[in-house]
Amino acid sequence: MNNKKIIIIGGVAGGASTATRLRRIDESAEIIMLERGEHISFANCGLPYYIGGVITSREALLVQSVEEMQNNFNIDVRTLSEATKIDKEKKVITIKNLKTEQIYEESYDYLVISTGAFPVKPPITGINEAKTLFTLRNITDTDNIKNYINNKSPKRATVIGAGFIGIEMAENLHHLGMMVSIVEMSNQVMAPVDFEIAQIIHQHIIDKGINLILSDGVKEFKNEGKEIILSSGKSLNTDLIIFAIGVRPENSLAKEAGLKLGTRGGIWVDSNLRTSDEFIFAIGDAIEVRDFVTKTETMIPLAGPANKQGRIVANNISGKDEMYLGSLGTSVAKVFDYTVGSTGNNEKTLKNKNLDYNVIHIHPGSHAGYYPGASTLSMKLLYNKDTQQILGAQAVGMEGVDKRIDVLATAIKSGMKVTDLKDLELSYAPPFSSAKDPINMLGFIAENIINGLVETVQYNEIDDLIKNGSFVIDARDKIETSFSSIPGTINIPFPEIRKRLNEIPKNQKIFVFCQTGIRAYNTVRVLRQNGIDAYNLDGAFKTYQSVYNPAQSFAMDEFDDSGKMIFEKEETEIKTNFSKMPTLVVDASGLSCPGPIVKTFKSLESLNDGEILEISATDPGFKKDVSTWAMKTNNTLIDLKEENNRFTATILKGNKTELKKSTEIVKTKEDSTIVVFSEDLDKAIAAFIIAQGAASMGKKVSLFFTFWGLNILRKPKKVKIKKTFIEKLFGSMMSRGTKKLPISKMNMLGMGPRMIKSIMKKKNVDALEVMIKNAMDLGVKLTACAMSMDIMGIKKEELIDGIEIAGVATYLGDTTTSNHNLFI
Ligand code: FAD
């Protein structure tokens, strides 16, 4: 059909996809795209990272400008234009121009609603008066938050709601140097994963210094949002609040037009994404979709489905008959150093829906253990034992989460059986995976269960089994049990099982666990072949421990007796006078739990009391395990460092008194911060000489480059990059890198700098470039001021490598531990 007139309401993910696809198919159609806001087609998903300074260019968030959309796709884009009414009988909508207040009507042949979802803001006392409170949905919200941070320099931030947006915001505000609290009403973060998977992230979030408050909600905002009263009665003082407790479909237009809504309030659509009116389609966050697995209605507010639905609707308007097959809710998020991903249904949903399911938990290495840098990948798979349908999967780890979740999402969509996973031929080389990929492992285990080779019990059943007198074997090595185990269990290490069969009762069920499941499975196989009815604890001690040995409640420690939050605790650390170098240095990286602890134990065995072991590991569990283990075994953890996901523990064997004698408590306020404002060569040299000196004395040094100082960090060669005319002009007038810097006195048209450089060379003083490199090697932090970059039109790509881009809050955060602060 030619000359169709299509109006699309909403100009971001779903709306913009529909518009461009329509144009690609139908050159003659009249396409009008209405957007209430100022911007179209922006990257919502990047907003938290722009606020945090990780994404430095605001422009980069604007995927398509209005002009590009109009010029390239011949689409009539109307921003600041709100659709206020749909008259489906007349096929006319009413539009309000928000700039001119003009109200007018526009007819359509087809209408597409892609109005998205809005952040929920319940009527909590004081919420409307809270001047510190922000929600995040679009560029305007982002600008508001960013301006507030730049103008008010908040020190304490509180994120209410621990979903994707809340967690991403918490990480980014922490990145800016703020002290961040997260308040979440449920007992876990990240609702798409189940509790035992979320627990792993809880620990990590706390380890990063976030004040994580679970199972508590907001009762009241006081003092214009400077104080938050929680349901528990506790109170938090805060300078900034991000309110992110979830979203609701933007359905008012559809509702008022008499279109059918679904049970959850989203717009109802059929499998062609057509609403109850044959000329109106709806997509994205505003609609209810079919859960691909359970075939029931659900809401999945994610960018992937919205974009794909836009394409399908465009095809259908153009005469095709294409169906949307439903959503899996496949999602992934970065939580500091971890990645969390999920697809399909979680256990909570399956339980609520009374559906049959089996569970497998595994904790393999992210890649071959012998190749450096492997870390633990914790996965959970849900499937139906009778039909072998895969129902859902979750994963958390530092590496390889997304690819495993994507493989499983593909497997679910293609209708693969759980046992088919064992046959998948996935790419393998040691830095990336193992010859038996974790996905294959899930298939092997499922097949073993389905074929009756092993039966499992879950982490939440084992305590009751023990209480009721069951015989539970801990198949780990003795030393592993010495620092944590499940009370009431009997330690029979797997290598001893054949010799100790006579200790095991024959007429009852026997339950076995080890650290990650493999030794217990081997034990179960020995027992079963000896006529003993043995069961494996699925997910092993690792899953059990993550649930029942939860992270210490940091939140509780941070409140004084009156329930007020104490944040400004003076940090202290034990500084030892131990001049002794480590007696033994051991590298346990690549080993997954309990490997590093076993290695720690064996290495310390070879040392005498008072000698020191330095051991490094990449297993994230090592950080917690080594302190517990040292405490329980009466050894002394002198130091525990974390750098690039590598943990290095320094342990003194035994005898704490020797350490105590030689320790003193010192305040950590001894670091060094320098603001580099000037681009003068002599001043830059002075800044780097001081920085290197302070760093070599063991101080943490932070240099914050702002305004002209940024020129020192510019690459010497011009970088090809999109800039506005003014930015280009400005850029060409400023010094590009260390070679072009002037000096503060006697510049003499560049003669002065050349003379200084030549004198420095003669006197064997490093050139500024070398000083910068040396300072970076010494761990000096070089931060470029995001705001100055924006003003001066300097882009990240123009800066030398290794520069952090951040706001003033990061710099102010660094000054809190600094004993001097220079302005150069
Ligand atoms: P939107 O993209 O929200 O677009 C709806 C547009 O309609 C809005 O711009 C609105 O102004 C406009 N509108 C509404 N009513 C009217 C009206 N009456 N007249 C005119 N215009 C109107 N998803 C992921 O998959 N991964 C992520 O990492 C991720 N991160 C996110 C981070 C943030 C901070 C946010 C806010 C969302 C994130 N999402 C993420 C979700 C994703 O952005 C949404 O699922 C997706 O944008 C939905 O597309 P949509 O077209 O339905 O709605």
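This tour goes through a predicted model, from the ligand site to one helix and then to a few single residues.

**Stop 1: the ligand**

Select the ligand and the residues around it. The shell holds 27 residues, and the closest are Gly 14, Glu 35, Ser 114, Asp 285 and Ala 303. Sorted by class, 14 of the shell residues are nonpolar, eight are polar and five are charged.

Now colour by secondary structure. At least two shell residues come from each of α1 (13-25), β4 (81-87) and α8 (303-317). The largest share belongs to β4, with three residues.

Next, show backbone atoms and pick the oxygen atoms of the ligand. A polar backbone atom of Gly 14 is 2.8 Å from a ligand oxygen. For Ala 303, a backbone N or O atom lies 2.9 Å from an oxygen of the ligand. At Ala 13, the distance from a backbone N or O atom to a ligand oxygen is 3.2 Å. On its own the ligand has 990 Å² of accessible area, and the protein covers 89% of that.

**Stop 2: helix α4**

Select residues 139-152, which form helix α4. How far apart are its end C-alpha atoms? They are 20 Å apart, which agrees with the 20 Å expected because 14 residues are counted at 1.5 Å a residue.

Look at the start of the helix. A side-chain oxygen of Asn 138 comes to within 3.3 Å of the backbone nitrogen of Thr 140. After α4 comes Ser 153, with a positive phi near 45°.

Then show the buried side of the selection. Ile 139, Asp 141, Thr 142, Asp 143, Ile 145, Lys 146, Tyr 148 and Ile 149 are buried. Add α2 (47-51), β9 (133-134), α5 (164-175) and β16 (240-243) to the view, since the buried residues of α4 pack against these elements.

Stay in α4 and centre on Thr 142. Thr 142 counts as buried because its relative accessibility is 1%, and the cut-off is under 20%. Its side chain reaches the backbone oxygen of Asn 138 at 2.8 Å. Beyond four places away in sequence, Thr 142 touches Leu 47, Tyr 50, Ile 51 and Leu 136.

**Stop 3: two strand residues**

Go to Leu 236, in strand β15 (residues 235-237). Is Leu 236 buried or exposed? Leu 236 has a relative accessible area of 0%, so it is buried. Draw a distance from its C-alpha atom to that of Ala 157: the two residues are 79 apart along the chain, and the separation is 9.8 Å.

Move on to Ser 616, which sits in strand β33 (residues 612-617). With a relative accessible area of 7%, Ser 616 is also buried. Leaving out residues up to four places away in sequence, Ser 616 touches Val 586, Asp 587, Ala 588, Ser 589, Arg 646, Phe 647 and Thr 648.

**Stop 4: two loop residues with positive phi**

Select Asn 223, in the loop between β13 (218-222) and β14 (227-230). Asn 223 is not a glycine, yet its phi is positive, near 55°. Its relative accessible area is 55%, so Asn 223 is exposed; the cut-off for that class is over 50%.

Finish at Leu 273, in the loop between α7 (252-256) and β18 (280-282). Leu 273 also has a positive phi, of about 70°, although it is not a glycine. What is the relative accessibility of Leu 273? The value is 1%, so Leu 273 counts as buried.

Conventions: Residues are numbered from 1 along each chain as its sequence is written. This is a predicted model: local features need pLDDT of at least 70, side-chain atom pairs count only at pLDDT 80 or more; totals for chains, interfaces and linings use all residues. Side-chain values use heavy atoms; hydrogens and water are left out. A residue is near a molecule or strand if one of its heavy atoms lies within 4 Å of it. A polar contact is a pair of N or O atoms within 3.5 Å; within protein, one must be able to donate a hydrogen and the other to accept it, and residues adjacent in sequence count only if both atoms are side-chain atoms. Accessible areas come from the Shrake-Rupley method with a 1.4 Å probe; for residues, only the protein chains shown count as cover. Helices (H or I, at least four residues) and strands (E, at least two) are DSSP runs, numbered from the N terminus. Ala, Val, Leu, Ile, Met, Phe, Trp, Tyr, Cys and Pro count as nonpolar, Asp, Glu, Lys and Arg as charged, and the others, Gly among them, as polar. The expected span of a helix is 1.5 Å times one less than its number of residues. Buried means under 20% relative accessible area, exposed over 50%, partly exposed in between (1.4 Å probe, protein chains only). Contact means heavy atoms within 4.5 Å.
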